[in-house]
Amino acid sequence: MSTTGPGFDIVLLRTYLEVIDSRSFAVAAERLALTASAVSGHIRRLEQSAGTLLIARTTRRLHPTEAGKTLYMYAREIVALEREAYANMHGRPAQGRLRVGASEDFAGSWLPRVLTTFRRRHPESSLELKVGISADLIRQLERGRLDVVFGKQCSLTDGGGELLWSEPLVWACAASAHIDPDAPVPLAVFPEPCAYREAALGALAAAGRTAKIVFESASMAGCLSAALAGFAVAPVAQSQMREGLAEGTETCGLPPLPEVRFYGFTRPDFAAGAALVRAVRDAGRSTRFAAAW
């Protein structure tokens, strides 16, 4: 008698990946164009198939159980293999020049590795990378000067981008720094327009705190250096934290910040751009969440 079970429905696996990657049933539902109840039903059916709890939930956050972490890794590979098989059977490698714009959050960390992998899979293509501020890059995409843009927002966007993942925005300060609760908060920020800058100033204003911009740089390394030096606080994505930095909290008199959402934008019906966005989404989610666990 066979001991093989019914297996996992790939539709349910896709839903599970979206829930874990976005850390939200609501965001996953929006991303998949499903209702929240349908997403909950998918997860319930998947847990029934697995015979165990996959997601642990509290009033403020959700995270995978130990069994859920194991399934996440397999599910990521299963879904990626399905996409690769379909692309190999029905698609052609990308050709021509691909003009890519990316905020420094992407360009300064793991994006070069993804671009290298993409180039290996699409040897007939060439890549041009431009680093800049998200809003400026998106405008260049709209004007036809770029083909793909990777940028960030601190709210859900209606600009047609694909949500890649979301993560907490935090206050980065030197581990030994003291934040005077009665003085303006010294900030190290990007020039306008910047989602992090706007989120930080908005959160401080809502909390009744004044702010003083003491360092402004178009470089993430520059803002982090100012925070490390101890004379400024920098709003950054949690994944950008470095050794020597600590997260400022409400105990320091700093208000909570919203989550930052990372998006991929590409020209309509542009297969090469869509392929690169998928590669970045899969690599970024799996690398970041594996490290967080």
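Trainee: Is Thr 65 buried or exposed?
Mentor: Keep in mind that we're looking at a predicted model. Thr 65 has a relative accessible area of 16%. Buried means under 20%, so with its 16%, Thr 65 counts as buried.

Trainee: Where does Thr 65 sit along the chain, then?
Mentor: Look at what flanks Thr 65: strand E2 covers 62-64, and helix H4 covers 66-90. That puts Thr 65 in the loop between E2 and H4.

Trainee: Which residues is Thr 65 in contact with, leaving aside its neighbours within four places in sequence?
Mentor: Set those neighbours aside and look for heavy atoms within 4.5 Å. For Thr 65, that gives Leu 53, Leu 54, Ile 55 and Ala 56.

Trainee: Let's move on to strand E6. How many of its 13 residues are buried?
Mentor: E6 takes in residues 162-174. The strand is mostly covered, and the buried count is eleven.

Trainee: Which strand is joined to E6 by six bridges?
Mentor: Check the stretch at residues 259-266, which runs antiparallel to E6. One spot to find on screen is Glu 162, standing opposite Gly 264. The strand you want is E11.

Trainee: And what stands opposite Leu 169 in E9?
Mentor: E9 is made up of residues 234-237, and four bridges join it to E6 in an antiparallel run. Go to Leu 169 and look across to E9: the residue there is Ala 237.

Trainee: Which residue in E10 stands opposite Ala 174?
Mentor: E10 spans residues 245-248 and pairs with E6 in the antiparallel sense, over four bridges. Across from Ala 174 you'll find Leu 245.

Methods
Residues numbered from 1 in each chain as written. Predicted model: local features only at pLDDT ≥ 70, side-chain atom pairs only at ≥ 80, totals over all residues. Heavy atoms only, no water. Helix = DSSP H or I, 4+ residues; strand = E, 2+ residues; numbered from the N terminus. Buried < 20%, exposed > 50% of the residue type's maximum accessible area, 1.4 Å probe, protein only. Pairing = 2+ DSSP bridges.
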